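User: I'm new to this one. Could you take me through the spot where the ligand sits, slowly and in plain words?

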Amino acid sequence: MMPSIAENIKRICDEVRALETEHQRPPHSVRLLAVSKNHPASRIREAWDAGHREFGESYAQEAIDKIQLLDLEGATWHFIGPMQSNKTRDIAHHFDWVHSIDRLKIARRLNEQRPETLPPLKVCIQINISGESSKSGVSLADASALCEAIDSLPRLELRGLMAIPAPGGDFEQQRANYRPIAALLKELSVYFKGMDTLSIGMSDDYAAAIAEGATIIRLGTALFGPRNR
Ligand SMILES: *Cc1c(COP(=O)(O)O)cnc(C)c1O
């Protein structure tokens, strides 16, 4: 039988704690985001019932339908997908975090549309670390100018950097993929005091991401099993 979501969460959390120790990271410095895109609300409910509170979604409409249906008081919702201008209002109203900011125009819209009744939206800038294989994200070289601009937007709270690597590679290659973004966060955090978040690591490479300083790992398949589309 397939392990339950509760069993997957337990096993991975134990493994993350062991990896923190192995790589001299402080205990609980790595947070696990359950990426529930393409999975029905009932699967999110299972993770919730197992005590999990942080969820990541990539498609705005699908996410908002599930967020409203579930109505989970105390859950934290992270938007991690590509963003179109016509979705920023919904995202600004329903999410706590956005990891995938890659242009100022989108940041400005989120800033204007974030309701006054909610705390500032926590944001990460998406960095393109895989060159040709991804169209999303700013280059390492352009990140600091975007940070500067976002830092002046009062309804956004600049928290860090995010990346999606090219798939594949062995452990050492995966670590090497993440080294430049980890170094960049270190540099930027000297100037932008609130930048403490490195959102790197997915089901196939989270051990390497933790070794390089991930503070949020985003796991879909490892927790929920394969996606149907
Ligand atoms: C789907 C997705 C994930 C999770 O991917 P898995 O390989 O299933 O763990 C993580 N981050 C982003 C941005 C995603 O779109």
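Analyst: **Around the ligand**

Let's start with arginine 227: one of its polar side-chain atoms lies 2.8 Å from an oxygen atom of the ligand, which fits a polar contact (a pair of N or O atoms within 3.5 Å). The protein covers 90% of the 390 Å² of accessible area that the ligand has on its own, with areas from the Shrake-Rupley method and a 1.4 Å probe. Keep in mind that this is a predicted model, where local features need pLDDT of at least 70, side-chain atom pairs count only at pLDDT 80 or more, and totals for chains, interfaces and linings use all residues. Residues are numbered from 1 along each chain as its sequence is written, and side-chain values use heavy atoms, leaving out hydrogens and water.

Two serines join in. At serine 203, an N or O atom of the side chain is 2.5 Å from a ligand oxygen, while serine 58 has a polar side-chain atom 3.3 Å from an oxygen of the ligand.

Stepping back, 13 residues surround the ligand, and the closest are Lys37, Ser203, Gly220, Thr221 and Arg227; to count, a residue needs a heavy atom within 4 Å. That shell splits into 6 nonpolar, 4 polar and 3 charged residues, with Gly counted as polar and Asp, Glu, Lys and Arg as charged.

Note on methods: Polar contact = N/O pair within 3.5 Å; in protein donor to acceptor, adjacent residues only side chain to side chain.
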